[in-house]
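Biologist: Can you walk me through this one? I'd like the ligand site, then a few single residues.

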Amino acid sequence: MTPLIIVDDLTKEFLHAVKKPGLTGSVRHLLRPEYEKKTAVDRISFSIDPGESVAYVGPNGAGKSTTIKMLTGILVPTGGKILVNGVIPYKQRIENAKNIGAVFGQRTQLWWDLPVRESLSLLKAIYEIPEREYKRNLELFTDILNLGEFLHLPARKISLGQRMRADLAASLLHNPKVLYLDEPTIGLDVSVKARIRQFIKQVNQESGTTILLTTHDMEDIEDICKRLLIIDQGRVIFDGELQAVKDAFAQERTIHFEVRAPLHLAEDALHNQFPGAALHIQNEGSHCSIQFNRFHLAAGEIIEFMMKRSDVVDIHIDEPSIELVIRQIYESNLNNQRIIV
Ligand SMILES: Nc1ncnc2c1ncn2[C@@H]1O[C@H](COP(=O)(O)OP(=O)(O)OP(=O)(O)O)[C@@H](O)[C@H]1O
Ligand SMILES: [Mg+2]
């Protein structure tokens with residue numbers, strides 16, 4: 001499959017003015033300006049196939065928004081190459097705009113003083129969207145994102161959650177091949193977040209729209225993305241399937257048992273049964289939880305052990321949290337350990 005997005009050795013440097021404080025500093029800077037170089041994106045390479053859903057993750061200042069701005073054609077790279085659907089974004093901006101949609105959580109693409117409906121119809125004209133396609137999409141998005149209640153209001157009068165829903169609709173009216181989302185759920189309440197995630201997932205699965213999502217919200221990642229790209233200090237430090245990284249990093253699991261009669265299971269009993277396995281047990285009335293390393297033991301073995309000793313009413317296993325996994329990846333990077341999955 002030909003990748004939809006190809007990023008090769010991409011670099012972006014910014015020049016910061018270095019100015020001493022006070023009037024003297026300002027005057028000196030005016031006469032002999034000094035700048036220092038900041039490498040926001042440092043020789044990164046990756047490619048994304050059509051239909052993928054990728055989380056682009058990293059700490060504050062890592063270079064995520066800068067990358068997305070270069071992919072959308074807003075910023076010109078200092079070095080390296082970008083191709084999106086065969087188009088160089090910053091050189092062929094109009095051509096690129098037809099293929100992409102973008103939502104920046106921090107700012108809107110709607111016209112501030114125009115009713116949302118008018119903004120959308122302006123976009124129809126800009127993108128030359130055929131009437132039938134426009135009507136179909138607007139109806140669909142109004143329905144799923146519940147836009148009806150505020151389409152008549154200007155963007156400045158709607159709430160943040162309403163604005164984000166309107167921005168999502170605006171970014172997808174022209175059926176782009178790829179959707180860039182830069183913190184689309186920032187500051188939203190749980191129900192709006194859930195609605196937005198559901199919508200993005202649907203767009204990815206049903207229309208095959210490729211998703212590149214930047215977020216600090218772990219639930220966004222878990223819900224929407226299959227692949228994880230982690231960037232730190234301008235460098236890609238991890239690129240792989242979300243499930244694979246979870247399996248490799250999160251070795252600790254906990255099984256929770258609900259038993260009919262209170263049970264006092266000693267850790268010794270477990271250690272005798274499974275010598276050498278790292279295990280930890282917690283009893284509390286009719287609740288018993290056993291922490292184990294899934295590389296040492298299979299969940300089934302522990303369940304079988306418990307079933308023999310008590311009347312088990314309910315069982316659930318804690319999945320490793322993606323937050324923990326990502327933290328471990330940051331830390332391995334800090335320690336210069338190679339990340340292999
Ligand atoms: N227009 C600019 N001029 C100068 N420096 C910039 C500019 N935009 C970004 N930077 C710098 O580039 C670095 C990367 O910024 P960027 O906005 O890409 O980070 P980010 O990963 O999106 O972070 P966050 O999670 O906080 O949004 C930062 O050190 C920032 O100060
Ligand atoms: Mg950012």
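Modeller: One point before the record: UniProt positions are given in the numbering used here, and annotations may be inferred rather than shown by experiment. Also, this is a predicted model.

Biologist: Fine. Which residues does UniProt list for "domain: ABC transporter"?

Modeller: The UniProt entry, an unreviewed one, lists residues 5–258 under that name.

Biologist: How far apart are the ends of residues 5–258, and what is the helix and strand share?

Modeller: The end C-alpha atoms of that span lie 49 Å apart. Helix makes up 39% of residues 5–258, and strand 30%.

Biologist: On to the ligand. How many residues surround ligand 1, and which are closest?

Modeller: 14 residues surround ligand 1. The closest are Gly61, Lys64, Ser65, Thr66 and His216.

Biologist: Which helices or strands supply at least two residues of that shell?

Modeller: β1 (5–18), β2 (34–48) and α2 (64–72) each do. The largest share comes from α2, with three residues.

Biologist: And how does the shell around ligand 1 divide into nonpolar, polar and charged?

Modeller: Four residues are nonpolar, seven are polar and three are charged.

Biologist: Polar contacts next. What is the distance from ligand 1 to the side chain of His216?

Modeller: An oxygen atom of ligand 1 sits 2.8 Å from an N or O atom in the His216 side chain. With Ala62, the partner is a polar backbone atom, 3.1 Å from an oxygen atom of ligand 1. His16 pairs through its side chain: one of its N or O atoms is 3.5 Å from a nitrogen atom of ligand 1.

Biologist: How much of ligand 1 does the protein bury?

Modeller: Taken alone, ligand 1 exposes 640 Å², and the protein buries 66% of that.

Biologist: Let's go to single residues. Where is Thr11, in a helix or a strand?

Modeller: Thr11 is in strand β1. That strand is also one of the elements supplying the shell around ligand 1.

Biologist: Is Thr11 buried or exposed?

Modeller: Thr11 has 11% relative accessibility, and buried means under 20%, so Thr11 counts as buried.

Biologist: What does Thr11 touch?

Modeller: Leaving out residues up to four places away in sequence, Thr11 touches Thr39, Val41, Asp42, Arg43, Met70, Pro77, Thr78 and Gly79.

Biologist: Now Leu120. Where does Leu120 sit, and is Leu120 buried or exposed?

Modeller: Leu120 belongs to helix α4, residues 116–126. Its relative accessible area is 0%, so Leu120 is buried.

Biologist: Which residues does Leu120 touch?

Modeller: Beyond four places in sequence, Leu120 touches Tyr134, Leu138, Leu151, Ala166, Ala170 and Leu173.

Biologist: How far is Leu120 from Leu270?

Modeller: Their C-alpha atoms are 63 Å apart in space, and the two residues are 150 apart in sequence.

Biologist: Change of topic: Ile315. Where is Ile315, and what does Ile315 contact?

Modeller: Ile315 lies in strand β13. Not counting neighbours within four places in sequence, Ile315 is in contact with Ile255, His256, Phe257 and Ile303. Val259 is 56 residues from Ile315 along the chain, with 9.0 Å between their C-alpha atoms.

Biologist: And why does Ile315 count as partly exposed?

Modeller: Because its relative accessibility is 31%, and partly exposed runs between 20% and 50%.

Biologist: What about Ser310?

Modeller: Ser310 is in the loop between α11 (299–309) and β13 (312–318). Ser310 is buried, at 16% relative accessible area. With residues up to four places away set aside, Ser310 touches Val259 and Leu263.

Biologist: Any odd backbone angles? What is phi for Glu183 and for Gln233?

Modeller: Glu183 has a positive phi of about 55°, although it is not a glycine. Gln233, also not a glycine, has a positive phi of about 45°.

Biologist: Where are Glu183 and Gln233, and is each buried or exposed?

Modeller: Glu183 is in the loop between β6 and α7 and counts as buried, at 14% relative accessibility. Gln233 is in the loop between β8 (227–232) and β9 (235–241). At 61% relative accessibility, Gln233 counts as exposed.

Biologist: Last one. Where does Ile186 lie, and what does Ile186 touch?

Modeller: Ile186 lies in the loop between β6 (178–182) and α7 (190–207). Outside four places in sequence, Ile186 touches Gly105, Gln106, Leu160 and Met164. Ile186 is partly exposed, with a relative accessible area of 32%.

Terms used
Residues are numbered from 1 along each chain as its sequence is written. Chains are lettered from A and ligands numbered from 1 in the order in which they are written. This is a predicted model: local features need pLDDT of at least 70, side-chain atom pairs count only at pLDDT 80 or more; totals for chains, interfaces and linings use all residues. Side-chain values use heavy atoms; hydrogens and water are left out. Helices (H or I, at least four residues) and strands (E, at least two) are DSSP runs, numbered from the N terminus. A residue is near a molecule or strand if one of its heavy atoms lies within 4 Å of it. A polar contact is a pair of N or O atoms within 3.5 Å; within protein, one must be able to donate a hydrogen and the other to accept it, and residues adjacent in sequence count only if both atoms are side-chain atoms. Accessible areas come from the Shrake-Rupley method with a 1.4 Å probe; for residues, only the protein chains shown count as cover. Ala, Val, Leu, Ile, Met, Phe, Trp, Tyr, Cys and Pro count as nonpolar, Asp, Glu, Lys and Arg as charged, and the others, Gly among them, as polar. Buried means under 20% relative accessible area, exposed over 50%, partly exposed in between (1.4 Å probe, protein chains only). Contact means heavy atoms within 4.5 Å.
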